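Dear colleague,

Please find below the structure that I should like to hand over to you. I would be grateful if you could read the notes after it with the coordinates open.

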Amino acid sequence: MKCEEMLAMLNEYVDGTIDPAICDEFEQHMAGCNPCQVVVDNIRKTITLYKAGQPYELPLKFHERLHGVLREKWKETHKSK
Amino acid sequence: MTLKPSDAELVARAKLGDLAAFEALTSRYEQRVYSLAMRMLRQEQDAEDVTQQTFLSALENLNGFRGEASFSTWLLRIAAHAALKVIRKRKGLDTVSLEEATESQDENGAIPHPEYIADWRQSPEELVQRNETRRLLDGALAQLDEKHRLVFLLRDVEGLSVKETAEALGLSEANVKVRLLRARLQLREQLTRTLGNPERRLIPTHNHPH
């Protein structure tokens, strides 16, 4: 397996959905290719960091306004039936 | 102990005219929708507009929701399209259809090779604690083309499967995979330029087949 082919299978490898036979080839390649090893490690850490990011806090005022708007709309759409 | 009602139960009650059930669904997902919009648009007013539009649209179209996808996927789909619309408007392209924004195009080129390859100086656990990390992450995200950013956010931040992401954006699964790979590689590149240890930088071994 070449670095190029490795790159194409990167998602499947990182997500654990790779075909087991290809997985062996993938790991053999990595064992002999330090840059590819580091790239895979970097990618894993990148995903971990984004997953760990806190969601943006919804402003309380907006929460109240949103529910107010929805109640109005609900009344409108439900009385006409 | 009372179990929280499932989304499907709340949807069914809302369809029968139960406003409280619809508000419960809204409370359950408003944070996620708002966060997605903030990460796409980086502007509070626009994110609020998109969030409001999303739930208004969900309210109006609830009877059309047949439960083929999960309620959350359906909702994120509405939000994603609303956010894309804002981006296109900003670019002055509001006459271009949404389909074109999500259509597969220019995804056939070669996958860009990693250039800056180095071990990171800190672990993700250490980085999460740092205030500047959020700015770095959001900055890197902002550099992505919106088509790639949206796929990455739905798949890797919101945790949808490839199939669900494809459903939400009206794309093929193959197309989602290509966009996800590009997004991940580009983010890796950006982050590693800041977080990588220059003393441990490796030279890429490009094994070009030709």
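The notes below cover chain B, its contact with chain A and one pair of helices at that contact. Please bear in mind that this is a predicted model.

Chain B has 10 helices and zero strands, so that its pattern along the sequence reads α-α-α-α-α-α-α-α-α-α. Of its 210 residues, 41% count as buried. Among the contacts in chain B with a separation of 6 or more, 71% are accounted for by residues 24 or more positions apart.

The contact between the chains takes 37 residues from chain A and 46 residues from chain B. On the chain B side, at least two residues each come from helix 2 (19-41), helix 3, helix 6 (124-128), helix 7 (131-143), helix 8 (146-157) and helix 10 (173-195). Helix 2 of chain B gives the most, with 10 residues. By class, the side of chain B that touches chain A comprises 24 nonpolar, 11 polar and 11 charged residues.

Helix 5 of chain A (residues 60-79) and helix 3 of chain B (residues 44-61) have axes that come within 10 Å and cross at roughly 25°. Because of that angle, the two helices are roughly parallel. Their crossing is right-handed. Helix 5 of chain A contributes Phe62(A), Leu66(A), Val69(A), Leu70(A), Lys73(A), Trp74(A) and Thr77(A) to the contact, while helix 3 of chain B contributes Glu48(B), Thr51(B), Gln52(B), Phe55(B), Leu56(B), Leu59(B) and Glu60(B). By class, this helix contact has eight nonpolar, three polar and three charged residues.

With kind regards

How values were computed
Residues numbered from 1 in each chain as written. Chains lettered and ligands numbered in written order. Predicted model: local features only at pLDDT ≥ 70, side-chain atom pairs only at ≥ 80, totals over all residues. Axes fitted to C-alpha atoms, helices over the stretch in contact; angles between N-to-C directions. Helix = DSSP H or I, 4+ residues; strand = E, 2+ residues; numbered from the N terminus. Parallel < 35°, antiparallel > 145°, perpendicular 65-115°, else oblique. Left-handed = near helix turned anticlockwise from the far one by under 90°. Contact = placed C-beta atoms within 7 Å. Nonpolar A, V, L, I, M, F, W, Y, C, P; charged D, E, K, R; others polar. Buried ≥ 20, exposed ≤ 12 C-beta atoms within 10 Å, placed from the backbone.
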